[in-house]
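Here's a quick walk through one protein chain, from its outside to its inside. Have the structure open while you read.

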Amino acid sequence: MPGTDLDSTFAALADPTRRAILARLAAGEATVTELAAPFAMSQPAVSKHLRVLERAGLVSRGRDGQRRPCRLEARPLRDATAWLADYRDYWAESYQRLDALLDELRAAGDAGGSR
């Protein structure tokens, strides 16, 4: 995945309102009116958030008669998760090394205390 795609994904995820919108869309499609309901902001403000999510490829809008439902597009999230997985592996290995060191220190302390 090119860096600019990751950049736009993480930039879109940086805002708590946009994360809440994505969480709502994970439960199923919704209109702007439905998405705006839980927020203390106008529909135009929610639409601005949706445009950021659309540019990042996280949301798409369809047409169902007069309705224009929004739906979650999860692929960018999968790509971001794959990128983050490398760091999860790094931290898991770091914690394993720390655990091994602590075990060595405990063993050395137990050996020294039994004299």
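What follows covers a surface patch, a pair of packed helices and one residue in a strand. Keep in mind that this is a predicted model.

Let's start on the outside. A nonpolar patch sits on the surface, made of Phe 10, Trp 83, Leu 84, Tyr 87, Tyr 90, Trp 91, Tyr 95, Leu 98, Leu 101, Leu 102 and Leu 105, and together these residues have about 1100 Å² of accessible area. Helix α5 (residues 75-113) is the top contributor, giving 10 residues to the patch. Phe 10, on the other hand, belongs to helix α1 (residues 3-13).

Is Phe 10 buried, exposed or partly exposed? And how does Val 59 come out? Here are the two side by side:

| Residue | Element | Relative accessible area | Class |
|---|---|---|---|
| Phe 10 | helix α1 (residues 3-13) | 31% | partly exposed |
| Val 59 | strand β1 (residues 59-61) | 5% | buried |

Val 59 counts as buried because its 5% falls under the 20% cut-off. As for its neighbours, leaving aside residues up to four places away in sequence, Val 59 touches Leu 22, Leu 25, Leu 50, Leu 53, Glu 54, Cys 70, Arg 71 and Glu 73.

Now for the helix pair. Helix α2 (residues 16-26) packs against helix α4 (residues 43-55) at an angle of about 80°, and their axes are 10 Å apart. That angle makes α2 roughly perpendicular to α4. On the α2 side, the contact uses Thr 17, Arg 18, Ile 21 and Leu 22, while α4 brings in Val 46, His 49, Leu 50, Val 52 and Leu 53.

Technical notes:
Residues numbered from 1 in each chain as written. Predicted model: local features only at pLDDT ≥ 70, side-chain atom pairs only at ≥ 80, totals over all residues. Heavy atoms only, no water. Patch = residues over 30% accessible without salt bridge, like charges linked within 9 Å, V, L, I, M, F, W, Y side chains within 5 Å. Areas by Shrake-Rupley, 256 points an atom, 1.4 Å probe, with all protein chains shown as cover. Salt bridge = Lys/Arg side-chain N within 4 Å of Asp/Glu carboxyl O. Helix = DSSP H or I, 4+ residues; strand = E, 2+ residues; numbered from the N terminus. Buried < 20%, exposed > 50% of the residue type's maximum accessible area, 1.4 Å probe, protein only. Axes fitted to C-alpha atoms, helices over the stretch in contact; angles between N-to-C directions. Parallel < 35°, antiparallel > 145°, perpendicular 65-115°, else oblique. Contact = heavy atoms within 4.5 Å.
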